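Work through the exercises below with the sequence and the model side by side. Try each task before you read its solution.

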Amino acid sequence: MLYTKKLIGLAAVGVLLAGCGSSDADSGGAPAKGAVRESPASEQKALPVALDEPRGKVLERGAEELKVTPKPANDAPFAERVEHKLRETVLGEAKVPGKTSASCPEGVTLKAGAVSSCEATYEGATIPYEVKISDSYKEGSFLTMYNTKAGKGLLTAEAVYEEFWQRYAGPDSAYPEASKLACDELPVAEAVEVDADTGYRCQVWNDQRYQGKGGYQSFQVRIGGFGPSFTEAD
């Protein structure tokens, strides 16, 4: 799950972030384990979104453009301040400015260990959150500590495209043999299961992929605690 820690005072607001050769087939018709797959380049198709250069839209967490204004007043209701922080949390996950909202329909219960349900949206994608008040909370305390736990990961097209390009073609890439990067056409934003195969794919071309004939190498797109990650697909 994705975790974010925050610190809110009754008279001041603060945030703590904690938070991604051919082989004979076996009897079932599938290639034997460890066999090199035969997949002629002529039979492979490039995915629709070509990644020829950096996208230039992704920002670092904490960038001014990823802050929500105006900020609630210090004496604003606690739930309102929590909602504001959730909006900034999803912007930090998205890494691209966009429309956000947040709500805690039944408010936030201010009791030690209490858990409340909230949600935040980014460009229409809704991420559920649990807001848990610290077990050490005492009524009347100057500071109120709490944790948030996201029930979904936030996939954004631009963050995935940028991360894939940086990893396989960027100046710090460890894959000089990779070329012709491309991905599926991804939604602007979508709530997905954390650290699970989203069903979307990206690919790179490798001249040595199939006995020197070249071919595409396909990757699953996953969303984890540190953003997009890529796992080689079967």
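**Exercise 1. Work out the pairing pattern of the bonded cysteines, numbered in sequence order.**

Solution. Start with the rule: a disulfide is a pair of cysteine sulfur atoms within 2.5 Å. By this rule there are two disulfides. One is formed by Cys-104 and Cys-118, with sulfur atoms 2.0 Å apart. The other joins Cys-183 to Cys-202, also listed at 2.0 Å from S to S. In sequence order, the pairing in the protein chain is therefore 1-2, 3-4.

Two notes before going on. This is a predicted model, where local features need pLDDT of at least 70 and side-chain atom pairs count only at pLDDT 80 or more, while totals for chains, interfaces and linings use all residues. Residues are numbered from 1 along each chain as its sequence is written, and side-chain values use heavy atoms, leaving out hydrogens and water.

**Exercise 2. Describe the handedness and setting of each disulfide.**

Solution. Take Cys-104 and Cys-118. The torsion about their S-S bond is about 105 degrees, so this disulfide is right-handed. Next, place the two ends. Helices (H or I, at least four residues) and strands (E, at least two) are DSSP runs, numbered from the N terminus. Cys-104 sits in the loop between strand 4 (100-103) and strand 5, and Cys-118 in strand 5, so the bond ties together parts 14 residues apart in sequence. Both cysteines, Cys-104 and Cys-118, are buried. Buried means under 20% relative accessible area, exposed over 50%, and partly exposed in between (1.4 Å probe, protein chains only).

Now take Cys-183 and Cys-202. Their link is right-handed, with 105 degrees about the S-S bond. Cys-183 belongs to strand 9 (residues 178-183) and Cys-202 to strand 11 (residues 201-206), 19 residues apart. Cys-183 and Cys-202 are buried.

**Exercise 3. Find which element gives the largest share of the largest nonpolar core.**

Solution. A nonpolar core is a set of buried Ala, Val, Leu, Ile, Met, Phe, Trp, Tyr and Cys residues joined through side-chain atoms within 4.5 Å. The largest one has 26 residues; Val-82, Val-90, Val-108, Tyr-122, Tyr-129 and Leu-154 touch the most other members. Two or more residues come from each of helix 1 (78-94), strand 5 (115-122), strand 6 (125-133) and strand 7 (143-150). Helix 1 gives the largest share, seven residues. A second, separate core of 21 residues includes Trp-165, Tyr-200, Phe-219 and Val-221.

Look again at helix 1. Of its 17 residues, 15 are buried. Lys-95 follows helix 1, and its phi is positive, near 65 degrees.

**Exercise 4. Lay out the open sheet of five strands and its helix.**

Solution. Strands pair if DSSP finds at least two bridges between them. The strand order is 3-9-11-12-13, with antiparallel pairing. Strand 3 (49-50) and strand 13 (227-232) are the edges, each pairing on one side only. Six bridges join strand 12 (residues 215-224) to strand 13 in the antiparallel sense. Phe-219 stands opposite Glu-232 in strand 13.

Add helix 2 (residues 157-168). Helix 2 packs on the sheet and touches strand 3, strand 9, strand 11, strand 12 and strand 13. Contact means heavy atoms within 4.5 Å. The direction of helix 2 makes about 55 degrees with that of strand 13. Axes are lines fitted to C-alpha atoms, for helices over the stretch in contact, and angles run from 0 to 180 degrees between N-to-C directions. Nine of the twelve residues in helix 2 are buried, among them Phe-164, Trp-165 and Tyr-168.
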